[in-house]
Amino acid sequence: MRENKGPDFEAALAELEGLVERLERGDLPLDEALKTFERGVELTRHCQGSLKAAQQKVEILLKRGSGSSIE
């Protein structure tokens with residue numbers, strides 16, 4: 001069973017892209033822009049963690065695969 005640690009990678013990335021678009025328009029009041037930026041930082045960290053976990057899984061699988069001999 002998967003622990004609920006936030007949105008999945010794809011949802012987090014989609015939300016992050018939307019936040020970037022809002023910030024790039026430049027029409028947000030300062031308080032809202034700061035909150036949007038803060039949420040973007042949270043999502044970025046979440047995505048980086050998801051990518052790091054996926055990379056570690058791939059490395060483990062590759063090590064397992066290279067350790068077996070095929071005759």
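Glu32 is partly exposed, with a relative accessible area of 34%. In this predicted model, Glu32 forms a salt bridge with Arg22, and the closest N and O atoms lie 2.3 Å apart. The pair links distant parts of the chain, since Glu32 sits in helix α2 and Arg22 in helix α1, 10 residues apart. Arg22 is partly exposed as well, with a relative accessible area of 26%.

**Overall make-up**

- The protein chain holds two helices and zero strands.
- Helix α1 covers 9-25, and helix α2 covers 30-67.
- The chain has 71 residues, of which 13% count as buried.
- About 6200 Å² of the protein chain is exposed.
- Carbon and sulfur atoms supply 56% of that exposed area.

**Nonpolar core**

- Five residues make up the largest nonpolar core: Ala12, Leu16, Leu19, Leu43 and Cys47.
- Two elements, α1 and α2, each give two or more residues to this core.
- Helix α1 gives the most, with three residues.
- In soluble globular proteins, nonpolar side chains tend to be buried together.
- Beyond its neighbours within four places in sequence, Ala12 is in contact with Pro7, Leu43, His46 and Cys47.
- Two of those partners, Leu43 and Cys47, are also members of the core.

**Salt bridges**

- The count of salt bridges comes to four.
- One of them pairs Arg25 with Asp27, with the closest N and O atoms 3.9 Å apart.
- The cut-off is 4 Å, so this N to O distance of 3.9 Å falls within it.
- Arg25 is exposed, at a relative accessible area of 54%.
- Asp27 is likewise exposed, at 52%.
- Both values are over 50%, which means that the two residues count as exposed and not as partly exposed.

**The Arg39 network**

- Arg39 and Glu42 meet through their side chains in a salt bridge, at 3.3 Å from N to O.
- The two residues are three apart in helix α2, and therefore about one helical turn separates them.
- Arg39 counts as partly exposed, at 30% relative accessibility.
- Glu42 also counts as partly exposed, at 41%.
- Glu15, Arg39 and Glu42 are joined into one network by salt bridges that share partners.

Note on methods. Residues numbered from 1 in each chain as written. Predicted model: local features only at pLDDT ≥ 70, side-chain atom pairs only at ≥ 80, totals over all residues. Heavy atoms only, no water. Core = buried A, V, L, I, M, F, W, Y, C linked by side-chain atoms within 4.5 Å. Buried < 20%, exposed > 50% of the residue type's maximum accessible area, 1.4 Å probe, protein only. Helix = DSSP H or I, 4+ residues; strand = E, 2+ residues; numbered from the N terminus. Contact = heavy atoms within 4.5 Å. Areas by Shrake-Rupley, 256 points an atom, 1.4 Å probe, with all protein chains shown as cover.
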